[in-house]
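Subject: The structure, and the side-chain contacts in it

Hi,

Here is the structure I promised to pass on. Have a look at it first, and my notes on side-chain contacts follow underneath.

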Amino acid sequence: MHAYTAESIVNNKETDRIKLLQHFEYEVLLTVSQLGNDAYPAEISRRLTKRLDRQVSIAQVFGTLERLEDKGYVNSQESKPEPVRGGRRRRIFNIQASGTQALKVTAATFSRMSSATRIFENEYEEPSPA
């Protein structure tokens, strides 16, 4: 297993074809990774609403999951119907190896970007409420 750090992703042929994830894509993919076999859009939406402290719709999540699936970062399959009358099938998403790699590369890049902004810490003041 390769440890991804900000230094290790620079000029690394292994990660050249991995595109950086957008912030919301990163959050959705991270949640899929954390949920394992319970990664279906409604549960992902609930988790993201709590973590991001804003309303995240199932439609936002589903659209992002479809993009991630097109990129090969996740795959999906339908579950068996829930064991209740009229139980529905759920579309369950699972992270792929390329998705895990994209998470690591993006996290390392976010970390590098964050450390680069530390030079402004003393100059930045929170805006006062209006």
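One thing to keep in mind while you scroll around: this is a predicted model.

Let's start with charges. Opposite charges on side chains can pair up when the charged atoms come close. Searching the whole structure turned up seven salt bridges. Here are some of them.

Arg51 pairs with Glu27, with 2.9 Å between the closest N and O atoms. That contact links distant parts of the chain, since Arg51 belongs to helix H2 (residues 41–52) and Glu27 to helix H1 (residues 23–35), 24 residues apart. Arg51 is partly exposed, at 37% relative accessibility, while Glu27 counts as buried because its relative accessible area of 10% is under the 20% cut-off.

Helix H2 also has a salt bridge within itself: Arg46 and Glu43 both sit there, three residues apart, or about one turn of the helix. Their closest N and O atoms are 3.1 Å apart. Arg46 is partly exposed at 44%, and Glu43 is buried at 14% relative accessibility.

Next is Glu66 with Arg91, where the closest N and O atoms are 3.6 Å apart. Glu66 is in helix H3 (residues 58–70) and Arg91 in strand S2 (residues 91–95), so this salt bridge ties together parts 25 residues apart in sequence. Both ends are partly exposed, Glu66 with a relative accessible area of 35% and Arg91 with 26%. There is also a network: Glu25, Arg67 and Lys71 are joined by salt bridges that share partners.

Now the rings. The count here is two aromatic pairs. Tyr26 and Phe110 meet edge-to-face, 5.4 Å centre to centre with 70° between the planes. They link distant parts of the chain, with Tyr26 in helix H1 and Phe110 in helix H4 (residues 97–116), 84 residues apart. Tyr26 is buried at 15%, whereas Phe110 is partly exposed at 28%.

The other pair is Phe62 and Phe93: ring centres 6.3 Å apart and planes at 80°, so edge-to-face. Phe62 lies in helix H3 and Phe93 in strand S2, 31 residues apart. Phe93 is buried, with a relative accessible area of 0%, and Phe62 is partly exposed, with 27%.

One last contact to look up: which ring does the charged end of Arg90 sit over? The ring belongs to Tyr40, and the charged end is 3.9 Å from its centre.

Cheers

Methods
Residues are numbered from 1 along each chain as its sequence is written. Side-chain values use heavy atoms; hydrogens and water are left out. A salt bridge is a side-chain nitrogen of Lys or Arg within 4 Å of a carboxyl oxygen of Asp or Glu. Helices (H or I, at least four residues) and strands (E, at least two) are DSSP runs, numbered from the N terminus. Buried means under 20% relative accessible area, exposed over 50%, partly exposed in between (1.4 Å probe, protein chains only). Rings of Phe, Tyr and Trp (its six-membered ring) pair if their centres lie within 6.5 Å; planes under 30 degrees apart count as stacked, over 60 as edge-to-face and the rest as tilted. A charge sits over a ring if NZ of Lys or CZ of Arg is within 6 Å of the ring centre and within 35 degrees of the ring normal.
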